[in-house]
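Reader: Please take one part of this model and go through it closely. I would like to know which residues face outward, which face inward, and what lies against them.

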Amino acid sequence: MRETPEELDRLQALLDASLSRSTAHLRSIISDERTLTAEQLTGVLTGMCTLALSTVTAKGEPRISAVDGHFLHGKWHFGTARGAAKARHLAARPAVSAAHLRGEDLGVFTHGTAEVLNPLDGEPAADWPDLLAYFRDFYGDDAFDWEKDVVYYRLHPHWMAVFAPDLAKLGGTADGA
C-alpha cells in the first residue's frame, strides 16, 4: 500500500460522496455490505489491473479500449503509446471513464479527468520521477523509450464506486495490507 493517511482520507471521502449522490438503483446494488473502504480497496488493487478505458472521439462517439492500470496514491495511473488513438482523444478531451472488473467479485467504476504526467514537449508532473521509477521497476528499464514511446496519465476522479460482495474472495484483508 503506497497511500498516505491523507490520501486514504480523500479516497474514502470520494467513495462516500459518490455513492451518496448515486441513484437509488445503484445504491441498492452497492450497499455498505457490498463495497470496500478506501483502505481495503488499496489492499486489493495492487500491481497491474486491466482497465476498460472509455474516451470520446471528436464526433462525440465513445471508444473503449484496455490499458494497464496501476492504483497508486488513491488514483488510477495508466499509459499508452503516444501515437495511439486514445492519446489523441485524451489530448483533446481529457474526460474519461474507467472500469476494473474481476468477474462478479469486484467492480471499480471511475469517472474523471486524465492528466498527462510526462508530456513530450512540456514539464512533467512533479511526482513523475517517482512514478517513472515504479513503472521501470514493474515493466523493466528497457521495455520502452520512456521519454518518446509512452505517455502516462493520472485519472483525477470526481466519482468512484466499488462493488465487492465478498472481500475474502479478493485476497485482500480488512486492514488493506
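Author: On one side of helix 1, the residues Pro5, Asp9, Arg10 and Ser20 are exposed. The model is a predicted one. The buried residues of helix 1 are Glu7, Leu8, Leu11, Leu14, Leu15, Ser18 and Leu19. These buried residues lie on the same side of helix 1, because the arc they cover around the axis is only 125 degrees. The exposed set named above is on the other side.

The length of helix 1 can be checked as well. Helix 1 takes in residues 5–20, which is 16 residues, and at 1.5 Å a residue they should span 22 Å. The end C-alpha atoms are 22 Å apart, so the expected span and the model agree.

As for what lies against the inward side, the cover over the buried residues of helix 1 includes helix 2 (24–29), helix 3 (38–44), strand 2 (62–72) and strand 6 (150–163). One residue of helix 3 can be described further: Thr42 has its place there. Thr42 is buried, since its relative accessible area is 3% and the cut-off for buried is under 20%. The side chain of Thr42 reaches the backbone oxygen of Glu39 at 3.0 Å.

Helix 4 (residues 85–92) can be read in the same way. Its buried residues are Lys86, Ala87, His89 and Leu90. They cover an arc of only 160 degrees around the axis, and therefore sit on the same side of helix 4. Arg88, Ala91 and Ala92 are exposed on the other side. The cover over the buried residues of helix 4 includes strand 1 (48–56), strand 2, strand 3 (75–81), strand 4 (95–102), strand 5 (106–116) and strand 6. Strand 2 and strand 6 are thus named for helix 4 and also for helix 1.

That leaves the setting of these parts in the whole chain. The chain has five helices and six strands, and from the N terminus on its elements run α-α-α-β-β-β-α-β-β-α-β. Of the contacts with a separation of 6 or more, 70% are between residues 24 or more positions apart. Buried residues make up 42% of the 177 residues. The exposed area of the chain is about 9,100 Å², and carbon and sulfur atoms supply 54% of it. The C-alpha trace spans about 45 × 40 × 30 Å along its principal axes. A compact globule of 177 residues would have a radius of gyration near 16 Å, and the chain has 16 Å, so the two agree.

Notes. Residues are numbered from 1 along each chain as its sequence is written. This is a predicted model: local features need pLDDT of at least 70, side-chain atom pairs count only at pLDDT 80 or more; totals for chains, interfaces and linings use all residues. Side-chain values use heavy atoms; hydrogens and water are left out. Helices (H or I, at least four residues) and strands (E, at least two) are DSSP runs, numbered from the N terminus. The expected span of a helix is 1.5 Å times one less than its number of residues. Buried means under 20% relative accessible area, exposed over 50%, partly exposed in between (1.4 Å probe, protein chains only). The arc is that of the directions from the helix axis to the C-beta atoms. Contact means heavy atoms within 4.5 Å. A polar contact is a pair of N or O atoms within 3.5 Å; within protein, one must be able to donate a hydrogen and the other to accept it, and residues adjacent in sequence count only if both atoms are side-chain atoms. The radius of gyration is taken over C-alpha atoms; the globule rule is 2.2 Å times the number of residues to the power 0.38. Accessible areas come from the Shrake-Rupley method with a 1.4 Å probe; for residues, only the protein chains shown count as cover.
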